[in-house]
Amino acid sequence: MATYKSDFLQVLHERGFIHQVSEPEKLDEALKDGPVTAYVGYDATASSLHVGSLVSIMMLRWFQKTGNKPIVLMGGGTTRVGDPTGRDESRKMLSDDVIQSNIDGIKRIFSEFISFGDTGNEAVMVNNADWLLELNYVDFLRDVGRHFSVNRMLSFESVKQRLDREQPMSFLEFNYMILQAYDYVELYKRYGCTLQMGGSDQWGNIVNGIDLGRRMAEAQLYALTCPLLTTSSGAKMGKTASGAVWLNADMLSAYDYWQYWRNTEDADVTRFLKLFTELPIDEIARLGALQGAEINEAKKILATEATAMAHGREAADKAAGTAQQTFEQGQNALDLPTFTMNLGSGVGLLTACVEAGFAGSNSDARRSVQSGAVRINDQAVNDPKMMLDASHVGPDGVIKLSMGKKRHALIRPA
């Protein structure tokens, strides 16, 4: 459909969120008559989500802003199994304590994007462990498993890829799609949820849930997926050379988060402004049309707006101010990411680079040093055996460590 009657689908269409929709006319009508309840599921494989999950989080935000009720489903039960989608090997098995700790960490980010509560269209967060861990295996096989064709399951891309590469898939993982489908039915029964959203790689699993809902509860359910984003150069969203771009502030500072968006490729600015900010479409068109050095102003706006969404406006403005001091005014801004190290007997330069998050390993750091990309107090260094000690501490009581033109951190003596 070129245009939609419902505010939600029209916003998503204009901003580039939609990859596939099941029965779009019917869903559009249901949303227009609204409100509708929808969910996105997140397995607790780490203590924070990263920006690869941000498209679906923004969909939940727009869903609520257009008058509908979002559900955030935490996979306390399904994380025990592990989603095989897009995987070449089984996920690491996590203990119940680690899963719960990860859920606690993930919960914090959602309150920045959507409003929770028990009335109206406020969001709710639920855990599929509440029903999956109570299942009786034989009853589950009889009541749910009989609706699934193994022939059809083998045709799913997540299964085919593993089998075609002769990479083993455990019976445990093979059951994941059944559990995800059952989640949808449970959420329909408990909350009247009729829409599941997620990344495009989840389309088959979501359609399974639609089919199961029809068979078990004669329910009319819908699917909506967003594209799995890569940058214009083909890089996967959420990953950098030094690791994941985490959403939680305790795993990645607001400044580093701001810098990630500031470093957006020119060709991605318009697309990312549409997806990751709430700026009006006409303002985004104006910013996206900037050329040459002026496009950097659009990148700064993207960085500040995206950071304000995840970390709050104050932290975003502070990060933008720190960057301006560091890059444009040449000051040693004390709001740069700072970490403490004991310089008593000296600290290796490579160790400091890894500690600052500039490199994933000593060997990565060594290559950067040897290429001349690393600077101490704005002076280039090229000796990977260099030791940092008290003699490097400047008059402001810190050592400034830099890699390239845009990555800076301060070392404060312990």
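Where is the place of I57 in this chain? I57 sits in helix α3. Keep that residue in mind as we walk through the structure, which is a predicted model.

**The chain as a whole**

Let's start with the broad picture. The chain contains 18 helices and 15 strands. It has 414 residues, and 50% of them count as buried. What about contacts between parts of the chain that are distant in sequence? Among contacts with a separation of 6 or more, residues 24 or more positions apart account for 72%.

**Back to I57**

Is I57 buried or exposed? Its relative accessibility is 1%, and buried means under 20%, so I57 counts as buried. Leaving aside residues up to four places away in sequence, I57 touches Y42, L49, F110, F113 and L247. I57 also gives a nice example of how sequence and space can tell separate stories: I57 and I109 are 52 residues apart in sequence, while their C-alpha atoms are 9.7 Å apart in space.

You can try this kind of comparison again with S101, which is found in helix α4 (residues 96–110). S101 and A46 are 55 residues apart in sequence, and the distance from C-alpha to C-alpha is 8.9 Å.

**The nonpolar cores**

In soluble globular proteins, nonpolar side chains tend to be buried together. Here, the largest nonpolar core has 70 residues. Those with the most contacts inside this core are L54, F110, M197, L224, W261 and F276. Which helix gives the most to this core? The answer is helix α3 (residues 54–65), with eight residues.

W261 is a good residue to click on in the viewer. Not counting residues up to four places away in sequence, W261 touches V51, L54, M237, F272, F276, K299, L302, A303, A306 and T307. There is also a second, separate core of 27 residues, and I71, F148, I206 and I210 are among its members.

**Two helices side by side**

Now find helix α13 (residues 269–276) and helix α14 (residues 281–288). These helices pack at an angle of about 155 degrees, and their axes are 9 Å apart. Angles over 145 degrees count as roughly antiparallel, so α13 is roughly antiparallel to α14. The crossing of the two helices is right-handed.

Which residues of α13 and α14 meet? On the α13 side they are T270, L273 and K274, and on the α14 side I281, I284, L287 and G288. Sorted by class, this contact has four nonpolar, two polar and one charged residues.

**Residues at a glance**

Two residues deserve a look for their backbone. E23 has a positive phi of about 45 degrees although it is not a glycine, and E218 has a positive phi of about 50 degrees, again without being a glycine. The table sets out the place and accessibility of these two, together with S101 and I57.

| Residue | Place | Relative accessibility | Class |
|---|---|---|---|
| I57 | helix α3 | 1% | buried |
| E23 | loop between β1 (20–21) and α2 (24–33) | 34% | partly exposed |
| S101 | helix α4 (residues 96–110) | 42% | partly exposed |
| E218 | loop between α11 (203–217) and β6 (222–226) | 76% | exposed |

Why does E218 count as exposed? Exposed means over 50% relative accessible area, and E218 has 76% relative accessibility, so E218 falls in that class.

Methods:
Residues are numbered from 1 along each chain as its sequence is written. This is a predicted model: local features need pLDDT of at least 70, side-chain atom pairs count only at pLDDT 80 or more; totals for chains, interfaces and linings use all residues. Side-chain values use heavy atoms; hydrogens and water are left out. A nonpolar core is a set of buried Ala, Val, Leu, Ile, Met, Phe, Trp, Tyr and Cys residues joined through side-chain atoms within 4.5 Å. Buried means under 20% relative accessible area, exposed over 50%, partly exposed in between (1.4 Å probe, protein chains only). Helices (H or I, at least four residues) and strands (E, at least two) are DSSP runs, numbered from the N terminus. Contact means heavy atoms within 4.5 Å. Axes are lines fitted to C-alpha atoms, for helices over the stretch in contact, and angles run from 0 to 180 degrees between N-to-C directions. Angles under 35 degrees count as roughly parallel, over 145 as roughly antiparallel, 65 to 115 as roughly perpendicular and the rest as oblique. A crossing is left-handed if the near helix is turned anticlockwise from the far one by less than a right angle, and right-handed if clockwise. Ala, Val, Leu, Ile, Met, Phe, Trp, Tyr, Cys and Pro count as nonpolar, Asp, Glu, Lys and Arg as charged, and the others, Gly among them, as polar.
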